[in-house]
Amino acid sequence: MSTVDSTGAAAQQAIFDKLGINTQKSATERASGDKLGQDDFLQLMTAQLQNQDPFAPMENGDFIAQMAQFSTVSGIEEINTNLKALSGEMQQTRIATASTLLGHSVLVPGAIARPDDNGEIHGVFELPQAASASRVSFSDASTGELLHSEDLGPQGTGLAGFSWTNIPTELREGNRKIKVDIAANTGKGMETMGPSIYARVLSASSYGDVSDSPMLDVEDYGTIDAGSVSRIR
C-alpha cells in the first residue's frame, strides 16, 4: 500500500481548493474563483505523479492526453485574445478608411443635387437600350423654376454622364437644392429616366460587427452603407 507524500498531498489539496473541489465552498464562490492556469496544471500533474498507486501507475498516454487537452484549451484562449485584438484594429482601420471619404462626393441614386466645392453638379443615368436623343434639366427643388437644361444627344446602352459646370454664382453661394430630371428617347418618345447624383459625404461612422461596412452620412440622402458606394469623386 502506498504512502501519500505530505508535500504532494498539500499541493494536490491546494489545487482542489482553488478549483472548489471537495470543499465547502458554495457554487457561487466556485464560479467566481480563479481559473486553472498553467502553473496550477503542472502542480496538479506533479501531485498525481507523487501520489499514484505504484501497483497501478498511470500510463504515459494518460499524461500526454492531459497535456494535449490543456494545450488545446490554452491555445483556444490565446486565439480568442488575438482575435479580439485584431477585431479592434480592424474597427479602427475601417473608421480611418471611411474618414478618407470626407470632403469627397459619392454616387447615390436620387434627383436632388447641390453644387460641389468646385461649383459643379455631376451625375449619371442608365439606359436599358440606346437612345436617339437625351436631355438633362436642372430646376429649383423648392419652386420648380427651370434653371438650366442641356441636350446630351444620342447615347448608347448603359451609363451616360452629365454635368453642369457653369452654375451661376448666386446658386453656388446659396447652396440651393437643385432637382435633376433626365429624359431620353429609346424608341417610344422622350421618357423620364432616374438619375444618380454625386453627393457630398458629411461624416463617417462604424457600427456593428467588423464584417459590416462603415456608414456614411451623405448630404440630402442621409445614412448609407459605404459598401454600396460604386463611384467616388
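A polar contact here is a pair of N or O atoms within 3.5 Å, one able to donate a hydrogen and the other to accept it. With that in hand, let us tour this predicted model view by view.

**View 1. Gln155 and the backbone oxygen of Leu152.** Gln155 sits in the loop between β5 (146-151) and β6. A polar atom of the Gln155 side chain lies 3.0 Å from the backbone oxygen of Leu152, a distance inside the 3.5 Å cut-off. Once residues up to four places away in sequence are set aside, Gln155 still touches Phe125, Leu127, Ala130, Ala131, Ser134 and Ala160.

**View 2. The whole protein, for orientation.** Before moving on, it helps to step back: the protein has five helices and 11 strands. Of its 233 residues, 29% are buried. Among contacts with a separation of 6 or more, 67% join residues 24 or more positions apart. The protein exposes about 14200 Å², and carbon and sulfur atoms supply 51% of that area.

**View 3. The largest nonpolar core, with its 19 residues.** Look for Phe138, Phe162 and Val180, the residues with the most contacts inside this core. Strands β3 (121-127), β4, β6 (158-164) and β7 (178-185) each give two or more residues to it. The largest share, four residues, comes from β7. A second, separate core of 10 residues can be found as well; Leu101, Ala199, Val218 and Ile224 are among its members.

**View 4. A cluster of aromatic rings.** Which residues do ring pairs link into a cluster? They are Phe125, Phe138, Phe162 and Trp164. The count of aromatic pairs comes to three. Phe138 and Phe162 will be familiar from the previous view, where they appear among the residues with the most contacts inside the largest nonpolar core.

**View 5. Ala183 in strand β7.** Is Ala183 buried or exposed? Ala183 counts as buried because its relative accessible area is 13%, which falls under the 20% cut-off. Beyond its neighbours within four places in sequence, Ala183 is in contact with Ala133, Ser134 and Arg135, and also with Met190, Glu191 and Thr192. Phe125 is 58 residues away from Ala183 in sequence, yet the C-alpha atoms of the two are 9.7 Å apart in space.

**View 6. Asp140 in strand β4.** Asp140 belongs to the strand that spans residues 133-140. With a relative accessible area of 7%, Asp140 is buried. What does its side chain reach at 3.0 Å? The partner is the backbone nitrogen of Thr143. Leaving aside neighbours within four places in sequence, Asp140 also makes contact with Glu145, Leu147, Arg176 and Lys177.

**View 7. Arg233, in the segment after β11 (222-225).** Arg233 is partly exposed, since its relative accessible area of 45% falls between the 20% and 50% cut-offs. Residues up to four places away in sequence aside, Arg233 touches His104, Ser105, His122 and Tyr198. Two of these partners deserve a closer look. The side chains of Arg233 and His122 are joined by a polar contact of 3.4 Å. The charged end of Arg233 sits over the ring of Tyr198, 5.6 Å from the ring centre. For a sense of the fold around this residue, find Arg200 too: Arg233 and Arg200 are 33 residues apart in sequence, and their C-alpha atoms are 9.2 Å apart in space.

Note on methods: Residues numbered from 1 in each chain as written. Predicted model: local features only at pLDDT ≥ 70, side-chain atom pairs only at ≥ 80, totals over all residues. Heavy atoms only, no water. Buried < 20%, exposed > 50% of the residue type's maximum accessible area, 1.4 Å probe, protein only. Contact = heavy atoms within 4.5 Å. Core = buried A, V, L, I, M, F, W, Y, C linked by side-chain atoms within 4.5 Å. Phe/Tyr/Trp six-rings, centres within 6.5 Å; stacked < 30°, edge-to-face > 60°. Lys NZ or Arg CZ within 6 Å of the ring centre and 35° of its normal. Areas by Shrake-Rupley, 256 points an atom, 1.4 Å probe, with all protein chains shown as cover.
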